[in-house]
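Biologist: I am new to this structure and should like a close look at a single part of it, namely the surroundings of one aromatic side chain. Please begin there and then place that part in its wider setting.

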Amino acid sequence: MCLRKKKTTTKKPISEGRRSYHVVKRDDGKWEVKFAGGQKAIKLFDTQKEAIEYTKKMAENQDGAMLVHNSKGKNKGRIKSK
């Protein structure tokens with residue numbers, strides 16, 4: 001019989017108190033950052049790149065996760081986790 005040692009990770013699942021930030025393109029062409037399930041935008045940006053850079057910093061500082069919603073192409077509506 002072989003006993004295996006369980007791997008330990010430092011990342012917490014999103015469900016265990018981690019904040020989840022979403023980067024979403026609005027109908028007016030701006031990109032917004034908001035919490036998962038939130039109604040109001042935390043901040044608006046003109047480009048996706050600016051929104052992602054801001055959200056990465058927020059997620060790192062708050063031990064959170066970032067999800068980017070695609071705006072066009074074959075993966076429209078899918079989520080890419082960062």
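Modeller: Y21 counts as buried because its relative accessibility is 1%; buried means under 20% relative accessible area, exposed over 50%, and partly exposed in between (1.4 Å probe, protein chains only). This is a predicted model, in which local features need pLDDT of at least 70 and side-chain atom pairs count only at pLDDT 80 or more, while totals for chains, interfaces and linings use all residues. Residues are numbered from 1 along each chain as its sequence is written, and side-chain values use heavy atoms, with hydrogens and water left out. The score pLDDT is the predictor's confidence in each residue, from 0 to 100.

The ring of Y21 leads to the aromatic pairs. Rings of Phe, Tyr and Trp (its six-membered ring) pair if their centres lie within 6.5 Å; planes under 30 degrees apart count as stacked, over 60 as edge-to-face and the rest as tilted. By this rule there are two aromatic pairs. One of them joins Y21 to F35 in a tilted arrangement, 5.2 Å centre to centre and with 35° between the planes. This pair links distant parts of the chain, since Y21 lies in strand β1 and F35 in strand β2, 14 residues apart. Helices (H or I, at least four residues) and strands (E, at least two) are DSSP runs, numbered from the N terminus. F35 counts as partly exposed, because its relative accessibility is 31%. F45 and Y54 also form a tilted pair, 5.3 Å centre to centre and with 50° between the planes. Here F45 is buried, with a relative accessible area of 11%, whereas Y54 is partly exposed at 23%.

Y21 and F45 both belong to the largest nonpolar core, whose ten residues also include V23, W31, I52 and V68. Such a core is a set of buried Ala, Val, Leu, Ile, Met, Phe, Trp, Tyr and Cys residues joined through side-chain atoms within 4.5 Å. At least two residues of this core come from each of β1 (20-25), β2 (31-35), α1 (48-61) and β4 (65-69). The greatest share is that of α1, with three residues. Leaving aside residues up to four places away in sequence, I52 touches V23, M66 and V68; a contact means heavy atoms within 4.5 Å.

Next come the strands around Y21. Two strands pair if DSSP finds at least two bridges between them. β1 and β2 pair in the antiparallel sense over five bridges, and H22 stands opposite K34 in β2. Five residues separate the strands of this hairpin, in which G29 takes a positive phi near 95°. On β2, E32 stands opposite L44 in β3, and these two strands pair in the antiparallel sense over three bridges. E32 counts as buried because its relative accessibility is 11%. Among the residues that E32 touches are H22, V23 and K43, not counting those up to four places away in sequence.

For the wider setting, the elements run β-β-β-α-β-β from the N terminus on. Of the 82 residues, 23% count as buried. Confidence varies: the mean pLDDT is 78, and 67% of the residues reach 70 or more. Among the elements, β3 has the highest mean, 96, and strand β5 (residues 79-81) the lowest, 59. Over residues 11-15, pLDDT stays under 50. Where pLDDT is low, the predicted coordinates should not be read in detail.
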